[in-house]
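Trainee: Could you take a close look with me at one part of this model? I would like to understand the sheet, and then how the two chains meet.

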Protein chains: 2
Amino acid sequence: MDLRPLLTESDTKILFVIADGLGGIDSEGRGTELEAARTPNLDRLASQGATGLTYPVAPGITPGSGPGHLALFGYDPVEHDIGRGVLTALGIDFDLKPGDVAARGNFCTVNDDGEVTDRRAGRIDSQESTRLVKMLRDIRLDDVEIYVEPVKEHRFLLVLRSKKEAISAALDDTDPHRTAVAPRQPHAREEKSQETARAVSEFLAQAQEILAKEEPANMVLLRGFAQLPQLASLQERYGLNGCALAGYPMYRGIARLLGMKVEDCGPDLDSEIEALRAVWSDHNFLFLHFKDTDSRGEDGDFDGKVAAIEELDRVIPRMMELEPDVVVVTGDHSTPSAMASHSWHPVPVLIRAKTCRVDGVNVFGETACAGGGLGHLRAKHLMTLALAHAGRLRKFGA
Amino acid sequence: MDLRPLLTESDTKILFVIADGLGGIDSEGRGTELEAARTPNLDRLASQGATGLTYPVAPGITPGSGPGHLALFGYDPVEHDIGRGVLTALGIDFDLKPGDVAARGNFCTVNDDGEVTDRRAGRIDSQESTRLVKMLRDIRLDDVEIYVEPVKEHRFLLVLRSKKEAISAALDDTDPHRTAVAPRQPHAREEKSQETARAVSEFLAQAQEILAKEEPANMVLLRGFAQLPQLASLQERYGLNGCALAGYPMYRGIARLLGMKVEDCGPDLDSEIEALRAVWSDHNFLFLHFKDTDSRGEDGDFDGKVAAIEELDRVIPRMMELEPDVVVVTGDHSTPSAMASHSWHPVPVLIRAKTCRVDGVNVFGETACAGGGLGHLRAKHLMTLALAHAGRLRKFGA
């Protein structure tokens with residue numbers, strides 16, 4: 001629901017501590033990663049607050065980073081979409097402008113008949129990919145500037161910026177998402193994306209020529225054409241002056257999309273906390289993002305994820321010294337190390353504030369949270385709960 | 001949400017074991033029927049999986065068999081409606097065609113002033129009802145073929161099949177749903193149902209004449225005019241090739257509506273399981289329906305329902321021998337024997353799959369499930385969860 005009519009001023013501060021991919025499953029008979037970890041500080045927060053489990057999107061749906069974070073900030077992730085192209089740009093700190101059309105690219109291998117034999121060109125390494133990207137930068141199009149940027153391994157970013165009228169991203173993928181067929185021609189889904197389709201066709205023709213002699217990466221596939229979404233800022237929606245402490249570009253980018261200030265800091269918790277302390281007095285909503293829980297989960301490294309969680313636990317007291325009025329600790333999705341990928345499992349959450357209804361849960365873990373006072377809820381409701389505990393929401397109706 | 005963009009191929013198999021009316025209440029101080037039953041096999045599945053409670057429609061809403069089953073298969077039961085007339089046809093294996101208008105009929109008693117004195121004609125028995133139905137089959141209408149079929153006791157099915165243009169089921173009930181008033185004239189709710197209204201009027205006039213001398217069933221009431229709904233099949237929605245093992249016509253009919261193959265089998269568990277084994281290799285979604293839990297609940301027979309649950313428990317190992325990748329055990333609604341009817345109470349559910357977050361619940365019962373890792377969820381989300389555990393859903397968003 002629209003919270004704007006309910007907003008009221010307060011000098012309270014809200015801190016969101018987001019451990020990426022926090023949730024897990026018990027694959028080794030010693031509980032989930034969070035349950036196996038020694039977390040006295042998180043457990044204390046849980047015992048002082050209220051706990052539960054969140055569904056980022058819906059039961060059974062595995063969220064990408066975009067939907068996972070939009071939900072945390074109270075934006076319905078099904079209504080609001082950050083396209084793959086845009087997310088790729090955010091992920092490498094590319095300065096995407098409104099109107100730019102961004103796509104995620106893969107170097108791929110095609111045979112003599114032009115059919116895709118490997119959609120990732122043998123997962124060529126980043127060095128090779130960077131060399132090829134530099135070659136693609138020679139491509140020139142009429143009326144459209146192009147930017148090609150290496151991402152990781154076989155991945156790259158393509159951005160089209162029109163020099164004339166506005167262009168649209170309503171294009172189907174050229175990636176056929178399978179092998180033994182030719183890449184698709186760019187197909188405009190609407191009248192106003194036909195100019196984009198022509199530009200992409202021309203880009204692909206030139207790319208094919210440039211890469212013809214390369215091996216194994218002799219062609220490219222494009223997918224997730226997207227433009228910066230129109231998202232109301234945290235200020236507009238909640239009257240919050242937000243700041244993000246995030247070591248990874250992707251999360252900085254999402255925060256910027258929502259109008260948060262983005263503080264420069266390294267990817268390690270120490271730099272993030274130092275930055276948090278530095279900006280504390282200037283903001284009333286602070287978003288601290290911790291990546292390692294997800295990375296170790298994606299690596300399939302149970303013990304590594306346990307260690308990452310314990311590392312987060314150790315710095316909790318340094319955050320609490322700042323005396324936030326409301327603290328939310330949760331993740332944007334689960335990343336069980338047994339699956340080495342994002343998953344649909346609901347995510348443990350704790351809220352600690354003076355006005356919490358303490359629920360008797362005194363360990364922060366999935367099993368305990370399943371019986372917590374917040375129950376199972378959609379992640380998009382967390383922001384409303386945080387605003388409520390922060391004394392920032394008036395009564396609804398008379 | 002539309003799952004089609006997320007679907008991905010897999011050779012996994014999903015088994016839904018639906019114990020009709022499974023949920024209960026504790027009316028004898030020994031727990032619910034499920035809790036009073038000795039269920040070592042179901043308890044083992046619960047301990048290996050995740051548990052919760054489902055709302056088939058919404059809290060406080062008691063579902064009929066149609067909505068209860070639609071929800072289980074992931075169809076929002078409020079958006080999608082199987083009308084009473086259609087459900088009556090499905091319940092007696094009547095071969096309803098697209099475009100047919102079906103209605104549920106009651107034999108009733110009217111007085112000399114034409115006012116209804118008994119809406120069920122003293123609940124005449126099935127034999128008497130069948131005799132009257134045969135008389136009604138003499139009715140002839142212009143342009144519309146009619147089919148009259150006995151159901152149970154005072155109930156019958158009326159089907160209108162147009163010989164000319166399409167007819168519509170948008171008609172109000174002729175059943176006034178109370179006594180001391182005359183049956184209502186069939187009223188067309190829209191232009192295109194006026195032809196149907198005329199045909200039904202003519203049917204009623206002739207029925208009145210035919211039954212005039214009968215006692216107590218000297219008139220009929222019609223309600224729930226309906227046509228086969230347009231429902232996307234499981235194949236279209238989920239890419240699943242489904243098969244139903246169900247001894248009762250109603251559930252076979254619902255399965256057929258959703259594009260499942262329906263395997264011929266008796267109403268007893270042994271025939272169902274034999275049939276399940278026979279079709280196992282040909283399908284990736286199997287729906288086994290067990291009716292006795294509901295029947296004994298409707299009888300108000302606590303011990304009978306306990307025995308039915310124990311009977312189901314005994315055959316669980318024979319299903320597990322087939323090594324389904326995902327097993328869901330639940331009901332389509334609750335039928336507490338203390339109420340001798342369907343009820344709104346949420347329904348215990350367990351999901352067992354390799355990727356489950358085991359939740360510490362090791363008995364399958366309402367109280368234990370209330371604290372389970374799945375929480376309280378809408379039944380319509382179970383199918384999404386099953387697809388996720390079956391590795392049949394890609395990540396949502398980038």
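Mentor: Happily; here is the sheet of chain A, then its counterpart in chain B, and then the contact between them.

This is a predicted model, in which local features need pLDDT of at least 70, side-chain atom pairs count only at pLDDT 80 or more, and totals for chains, interfaces and linings use all residues. Residues are numbered from 1 along each chain as its sequence is written, while chains are lettered from A and ligands numbered from 1 in the order in which they are written.

In chain A, 8 strands make an open sheet with mixed pairing, in the order β9-β8-β10-β1-β11-β12-β2-β13. Helices (H or I, at least four residues) and strands (E, at least two) are DSSP runs, numbered from the N terminus; two strands pair if DSSP finds at least two bridges between them. At the edges lie β9 (261-263) and β13 (375-378) of chain A, each pairing on one side only. From one strand to the next, the twist averages 25°, with axes fitted as lines to C-alpha atoms, for helices over the stretch in contact, and angles running from 0 to 180 degrees between N-to-C directions.

Within this sheet, β11 (residues 326-330) and β12 (residues 347-353) of chain A run antiparallel and are joined by 4 bridges. Here A:Val326 stands opposite A:Ala353 in β12(A). Helix α8 (residues 249-257) of chain A packs on the sheet, where it touches β8 (242-246), β9 and β10 (285-290) of chain A, and its direction makes about 175° with that of β8(A). Contact is counted when the C-beta atoms of two residues, placed from the backbone, lie within 7 Å.

Chain B also has an open sheet of 8 strands with mixed pairing, in the order β9-β8-β10-β1-β11-β12-β2-β13. There, 3 bridges join β8 (residues 242-246) of chain B to β9(B), and the two run parallel. B:Leu245 has B:Glu263 as its bridge partner in β9(B).

Now to the meeting of the chains: 22 residues of chain B are in contact with 29 residues of chain A. On the chain B side, β13 (375-378) and α13 (382-389) are the elements that give two or more residues, and α13(B) supplies the largest share, 4 residues.

Finally, a rotation of 125° with 0.1 Å of shift along its axis superposes chain B on chain A, with RMSD 0.1 Å; that is the relation of a three-fold axis. The superposition is by least squares on the C-alpha atoms of residues with pLDDT of at least 70 in both copies. In chain B, the C-alpha nearest the axis belongs to B:Gly371, 3.1 Å from it.
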